[in-house]
Amino acid sequence: FHLRDKAAAHVAFAEHSCQKGDRATATVHYTEAHAIYQSQLGDSVETAMVLKRLGDLNYQEGLLDASKELYMEALGTELAVSGEYSPKTLNAAGAVCLQQEDFRSAMEFHRQALQIQKKCALEGKSKYEMYETLVFIGNVYYR
């Protein structure tokens with residue numbers, strides 16, 4: 001438990017640093033959390049979440065290749081853990097592809113996210129994430 005608590009503390013510090021706009025410190029803490037989660041849990045929800053957040057930070061810094069690589073690793077981890085992808089990670093990967101003008105890949109990521117969200121909506125879960133995905137798809141068409 002001790003190491004997992006330490007990883008959770010790194011995540012909390014990273015989130016606090018993000019709120020303050022200090023992406024460099026956030027990256028350090030997320031990287032530490034990832035190392036701990038990976039060594040203690042292997043593929044896990046926590047590992048995937050940290051990878052996605054690291055991808056987000058790289059995206060904000062304009063490091064598109066690095067962010068896409070992290071999103072792809074997060075997607076692989078999500079698939080291994082739950083058997084399906086997270087729509088948020090799919091949409092993040094799609095946003096990177098759009099910035100790289102890879103419209104076909106962007107659309108594919110967003111469509112996959114929408115399929116998962118439609119299934120969730122049919123199960124009575126929130127529909128609001130679907131609207132965000134539809135905006136992403138609209139952005140691809142616009143570009």
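**Exercise 1.** How many disulfides does the count come to?

Solution. The model is predicted. A disulfide is a covalent bond between the sulfur atoms of two cysteines. The cut-off for counting a pair of cysteine sulfur atoms is 2.5 Å. By this rule the count is zero disulfides. Two cysteines can still be placed by their accessibility. Cysteine 97 has a relative accessible area of 0%, and cysteine 120 has 18%. Buried means under 20%, so cysteine 97 is buried and cysteine 120 is buried as well.

**Exercise 2.** Find how many salt bridges there are, and describe one that lies within a helix.

Solution. A side-chain nitrogen of Lys or Arg must be within 4 Å of a carboxyl oxygen of Asp or Glu. By this rule there are six salt bridges. One of them joins the side chains of aspartate 56 and lysine 52, at 2.8 Å from N to O. Both residues belong to helix 3 (residues 45–60), where they are four residues apart, about one turn of the helix. Lysine 52 has 18% relative accessibility and therefore counts as buried.

**Exercise 3.** Which salt bridges of lysine 88 and of glutamate 101 link distant parts of the chain?

Solution. Take lysine 88 to begin with. Its side chain meets that of glutamate 129 in a salt bridge of 3.7 Å, N to O. This pair links distant parts of the chain, with lysine 88 in helix 5 (residues 87–99) and glutamate 129 in helix 7, 41 residues apart. Lysine 88 is partly exposed at 44%, and glutamate 129 is partly exposed at 32%.

Now take glutamate 101. Its side chain forms a salt bridge with arginine 143, at 3.5 Å from N to O. Here too distant parts of the chain are linked: glutamate 101 sits in the loop between helix 5 and helix 6 (103–122), arginine 143 in the segment after helix 7, and they are 42 residues apart. Glutamate 101 counts as exposed at 52% relative accessibility, while arginine 143 is partly exposed at 44%.

**Exercise 4.** Which residues form the negative surface patch, and which form the nonpolar one?

Solution. The negative patch consists of Asp43, Asp65, Glu69 and Glu73. Of these, aspartate 65 lies in helix 4 (residues 64–82). Its relative accessible area is 60%, so aspartate 65 is exposed.

The nonpolar patch is made of Tyr128, Tyr131 and Leu134, which together have about 370 Å² of accessible area. Tyrosine 128 lies in helix 7 (residues 128–142). With a relative accessible area of 63%, tyrosine 128 is exposed.

Methods. Residues are numbered from 1 along each chain as its sequence is written. This is a predicted model: local features need pLDDT of at least 70, side-chain atom pairs count only at pLDDT 80 or more; totals for chains, interfaces and linings use all residues. Side-chain values use heavy atoms; hydrogens and water are left out. Patches are made of residues with over 30% relative accessible area and no salt bridge: like charges are joined within 9 Å, nonpolar side chains (Val, Leu, Ile, Met, Phe, Trp, Tyr) within 5 Å. Accessible areas come from the Shrake-Rupley method with a 1.4 Å probe; for residues, only the protein chains shown count as cover. Lys and Arg count as positive and Asp and Glu as negative; His and the chain ends are not counted. The place of a charge is taken as NZ of Lys, CZ of Arg, CG of Asp or CD of Glu. Helices (H or I, at least four residues) and strands (E, at least two) are DSSP runs, numbered from the N terminus. Buried means under 20% relative accessible area, exposed over 50%, partly exposed in between (1.4 Å probe, protein chains only).
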